Amino acid sequence: MVMVLVGVALITGCILAYVNHATEGPIAEQKEKTLADGIKTVMGGGELTVAKTDTVRQNDEKGKEMVFIIYNTNDAKENYLGAAVESTTGGFGGDLKVLVGFDPKGNILGYTILEHAETPGLGAKADKWFQKDGKGNIIGKNPSEALVVKKDGGQIDAITASTITSRAFLKAVNQAYKAYQALPVDGESGASKQTKKEGGEQ
């Protein structure tokens, strides 16, 4: 009986390992496509290329290091369009990862939710609520003054009955803006020149 159980366990393990290996490539490809589509969406669509990718590391108010990936984009004529920034923060159910597009002045061009662990339905709601036609519209706003929900004295309408998720989303956007602003800027192209690490919440 013991030998049979061991044999079954070994066979099952081999099958799982094979399936994992077989699906690893397609999953990675799908993630890359989702990111590429997301960058195009948050930067307002149209023809663009990612000219440079930067990584910014900053510490939050509790001293925890946060990592931001910044995709600097150019149009077909190599003019700098701004950047799409990956930002992750803790939501109600777990991590909430957003991709936010900024123009060279720091105005929000668009956003999309890349990953979330919120209550079913809330992630999809957040992906629409703060869009241009949503009740909590943030498109065109500049987070030089932090975006805050009305319940906390700000100007942004929170998702109905989901203040925690709304706070987490806006925190991710505010942090993305500060990471984008932390990059040195190339005076000729407008693109960032190097990776920068700063302390304190940015």
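The exercises below, each with a worked solution, concern a predicted model.

**Exercise 1. The overall layout**

Task: Establish how many helices and strands the protein has, in which order they follow one another, and what share of the residues is buried.

Solution: Begin with the inventory, in which the secondary structure comes to three helices and six strands. Next, read the elements from the N terminus on, which gives the order α-β-β-β-β-β-α-α-β. Then turn to accessibility, where buried residues make up 37% of the 202 residues in the protein. Finally, consider the contacts between residues at least 6 apart in sequence, of which 48% join residues at least 24 apart.

**Exercise 2. From strand 1 to strand 3**

Task: Work out how strand 2 pairs with strand 1 and with strand 3, and describe the turns that connect them.

Solution: Strand 1 covers residues 48-59, and strand 2 covers residues 65-75. The two run antiparallel and are joined by eleven bridges, with Arg57 standing opposite Val67 of strand 2 as one point of reference. Together they form a hairpin with five residues between the strands, and in this turn Gly63 has a positive phi of about 85 degrees.

On the other pairing, strand 2 meets strand 3 (residues 80-90) in the antiparallel sense over six bridges, and here Thr73 stands opposite Gly82 of strand 3. This pair also forms a hairpin, with four residues between the strands, and Glu78 in the turn has a positive phi of about 70 degrees. As for its surroundings, strand 2 is mostly covered, since eight of its eleven residues are buried.

**Exercise 3. Ala51 in strand 1**

Task: Determine how accessible Ala51 is, and which residues beyond its sequence neighbours it contacts.

Solution: Ala51 lies in strand 1, and its relative accessibility is 46%, so this residue counts as partly exposed. Once the neighbours within four places in sequence are left aside, Ala51 is in contact with Asn72, Thr73 and Asn74. A further distance can be read for Asp75, which is 24 residues from Ala51 along the chain, while the C-alpha atoms of the two are separated by 9.4 Å.

**Exercise 4. The salt bridges of Lys97**

Task: Identify the acidic partners of Lys97, and state where in the structure each pair is placed.

Solution: The structure holds four salt bridges. In one of them Lys97 pairs with Glu86, the closest N and O atoms being 3.9 Å apart. Because Lys97 lies in strand 4 and Glu86 in strand 3, this pair ties together parts that are eleven residues apart in sequence. Lys97 also forms a salt bridge with Glu115, again with the closest N and O atoms 3.9 Å apart. That pair links Lys97 in strand 4 to Glu115 in strand 5, 18 residues apart.

Taken together, Glu86, Lys97 and Glu115 are linked in a network of salt bridges. Their accessibilities can then be set side by side: Glu86, at 13%, counts as buried, Lys97 is partly exposed at 21%, and Glu115 is partly exposed at 42%.

**Exercise 5. Asp103, a buried acid**

Task: Which side chain of opposite charge is nearest to Asp103, and how far away is it?

Solution: First place the residue, which is found in the loop between strand 4 (95-102) and strand 5 (108-115). Asp103 is buried, and the nearest side chain of opposite charge is that of Lys105, 6.9 Å away. A salt bridge requires the nitrogen and the carboxyl oxygen to be within 4 Å, and Asp103 has no salt bridge. The backbone of Lys105 nevertheless offers a partner, for its nitrogen lies 2.8 Å from a polar atom of the Asp103 side chain. Apart from neighbours within four places in sequence, Asp103 is in contact with Leu81, Gly82, Leu109 and Tyr180.

**Exercise 6. Helix 3 and its link to a loop**

Task: Compare the expected span of helix 3 with the distance between its end C-alpha atoms, then describe the salt bridge of Arg167.

Solution: Helix 3 comprises the 20 residues 163-182, which at 1.5 Å a residue should span 28 Å, and its end C-alpha atoms are 28 Å apart, in agreement. Of these 20 residues 15 are buried, so the helix is largely enclosed by the rest of the structure. The side chain of Arg167 meets that of Asp152 in a salt bridge, at 2.8 Å from N to O. This pair links Arg167 in helix 3 to Asp152 in the loop between helix 2 (122-129) and helix 3, 15 residues apart. Arg167 is partly exposed at 36% relative accessibility, and Asp152 is partly exposed at 41%.

How values were computed:
Residues are numbered from 1 along each chain as its sequence is written. This is a predicted model: local features need pLDDT of at least 70, side-chain atom pairs count only at pLDDT 80 or more; totals for chains, interfaces and linings use all residues. Side-chain values use heavy atoms; hydrogens and water are left out. Buried means under 20% relative accessible area, exposed over 50%, partly exposed in between (1.4 Å probe, protein chains only). Lys and Arg count as positive and Asp and Glu as negative; His and the chain ends are not counted. A polar contact is a pair of N or O atoms within 3.5 Å; within protein, one must be able to donate a hydrogen and the other to accept it, and residues adjacent in sequence count only if both atoms are side-chain atoms. Contact means heavy atoms within 4.5 Å. The expected span of a helix is 1.5 Å times one less than its number of residues. Two strands pair if DSSP finds at least two bridges between them.
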